[in-house]
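Please look through the structure shown below. The paragraphs after it follow the chain through its strands, a helix, a loop and the spaces between them.

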Amino acid sequence: MRLTIVGCSGSYPGPESAASCYLLEEEHDGRTWRVLLDLGNGALGQLHRHADPLGIDAVFISHLHADHCLDLCGYYVMRKYHPTGPQPQIPVWGPAGTAERMARAYDLPLDPGMTEEFAFHDHPGAGGPGVEVGPFRVEARQVVHPVTAYALRVTAGGRTLVYSGDTGPCPQLDEVAAGAHLLLAEASFRTGDDNPPDLHMTGADCGRTAGRAGVGRLVLTHVPPWHDPGDAEAEARAEWSGPVELARAGATYDV
C-alpha cells in the first residue's frame, strides 16, 4: 500500500500545502486501485500532481469541517461537467449528513444535491462491518471532536495504516490504531499552550498514542501554518522512541 500526502496543512491551506488529503494506492487484479482519505480545501488541484482525479475509486471523509471535505465541491463540478461527459458515480463514505452538507456548501437543492455524482454512505462506525473497495478494507471509529469525527483504519496487502482524522487523545484512537504499521496522526496543538480539550492533539499526545498502540511508524500531519512543525516532531520524539516523520506535501510512503 502506497501513501501519498496530497495535503497536510492544519485547519486551512498553508503556503506549503493544501489542507488534508491522503491518497492510498494498491495493485490488485491487474490494476491500481486508488482511494482518498479526506479532500480538504485546496487539495483537488494538488491531486492532479499525483493521480488522475477521475481515476479515484472512492473517497472517505473523516468529518465535515471545511479543511477535510470542502474540495468535494470542485470534484462535483469536475465529475459533472467534464468535457468527456458526466463521469460514473463513485462512493463517498462520511459522517451522517455528508450529502446534505455538501449540497449546502455548493448552494444546491438538497434533491438531488451531489447524489448523481457521488453515492453517499454513512460510516458504519465501531462494531459495524468494514467497507471494502478493491483491495482496501476501511474501518471507521468515532473519536472526540466538536463535530462527529472518525479515525480510519485501512488495511491492504496485509499492511495497515491508521489515520486519526481530527481528534483529542482518547481510548478510541488507541484502540483503532493498535498494531498499525503506520499511524498518520494530527498534531495541531503545542504542549504548554492553553489548548481546549477534546479538539486536537499535540506532538506529545501523538507520541504517547503511538506508544500505547504499538505502531510501527508515526507520521505527524495537520500542523497549522502558524506553528513550527519541528515543535510537533520534537514533542513526539520526547515521548516515543520509534520512527517519527513530519508529513510534507508530495511525500510518499510504502506502508
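In this predicted model, β3 and β4 form a hairpin, with two residues between the strands. Asp 29 lies in the turn and has a positive phi of about 55 degrees. The two arms of the hairpin, β3 and strand β4 (residues 31–37), run antiparallel and are joined by seven bridges. Within this pairing, Glu 27 stands opposite Thr 32 in β4.

Strand β3 is also paired with strand β1 (residues 2–9): five bridges join them, and they too run antiparallel. Here Arg 2 stands opposite Glu 25 in β3. How much of β3 is buried? Strand β3 spans residues 21–28, and six of its eight residues are buried, so the strand is largely enclosed by the rest of the structure. Buried here means a relative accessible area under 20%.

Further along the chain is a sheet of seven strands. The sheet is open, its order is β8-β9-β10-β11-β12-β13-β14, and its pairing is mixed. At the edges stand β8 (131–133) and β14 (244–246); each has a single partner strand, so one side of each is left without a neighbour in the sheet. On average, neighbouring strands of this sheet are turned by 20 degrees against each other, direction ignored.

Strands of a sheet pair through backbone hydrogen bonds, and the pairing may be parallel or antiparallel. A parallel case is found between strand β11 (residues 159–163) and strand β12 (residues 182–186), which are joined by three bridges. In that pair, Leu 161 stands opposite Leu 182 in β12. Helix α7 (residues 229–239) lies across β13 (218–221) and β14, and runs at about 170 degrees to β14.

Next come the pocket and the cavity. The largest pocket has a volume of about 310 Å³. Its lining consists of 18 residues, and those nearest its centre are Cys 8, Glu 16, Ser 17, Val 223 and Pro 229. Which elements give two or more residues to this lining? They are β1 and β13. By class, 10 of the lining residues are nonpolar, six are polar and two are charged.

The count of cavities of 30 Å³ or more comes to one. The largest cavity has a volume of about 30 Å³. Lining it are Ala 187, Ser 188, Phe 189, Arg 190, Val 223, His 227, Asp 228, Asp 231 and Ala 232. Sorted by class, this lining has four nonpolar, two polar and three charged residues. Val 223 is among the residues lining the cavity, and Val 223 is also one of those nearest the centre of the largest pocket.

The last stop is a loop residue. His 48 lies in the loop between α1 (43–47) and β5 (58–60). Is His 48 buried, exposed or partly exposed? Its relative accessibility is 46%, and it therefore counts as partly exposed; the partly exposed class lies between under 20% for buried and over 50% for exposed. If neighbours within four places in sequence are left aside, His 48 is in contact with Pro 53 and Met 78. As for Pro 129, 81 residues separate it from His 48 in sequence, and the two are 32 Å apart in space, C-alpha to C-alpha.

Terms used:
Residues numbered from 1 in each chain as written. Predicted model: local features only at pLDDT ≥ 70, side-chain atom pairs only at ≥ 80, totals over all residues. Heavy atoms only, no water. 1 Å grid on protein atoms, 1.4 Å probe; cavity = no way out; pocket = protein on both sides within 12 Å on 5 of 7 lines; lining within 4 Å. Points joined across faces, edges and corners; volume = space filled by probe spheres on them. Nonpolar A, V, L, I, M, F, W, Y, C, P; charged D, E, K, R; others polar. Buried < 20%, exposed > 50% of the residue type's maximum accessible area, 1.4 Å probe, protein only. Helix = DSSP H or I, 4+ residues; strand = E, 2+ residues; numbered from the N terminus. Pairing = 2+ DSSP bridges. Axes fitted to C-alpha atoms, helices over the stretch in contact; angles between N-to-C directions. Contact = heavy atoms within 4.5 Å.
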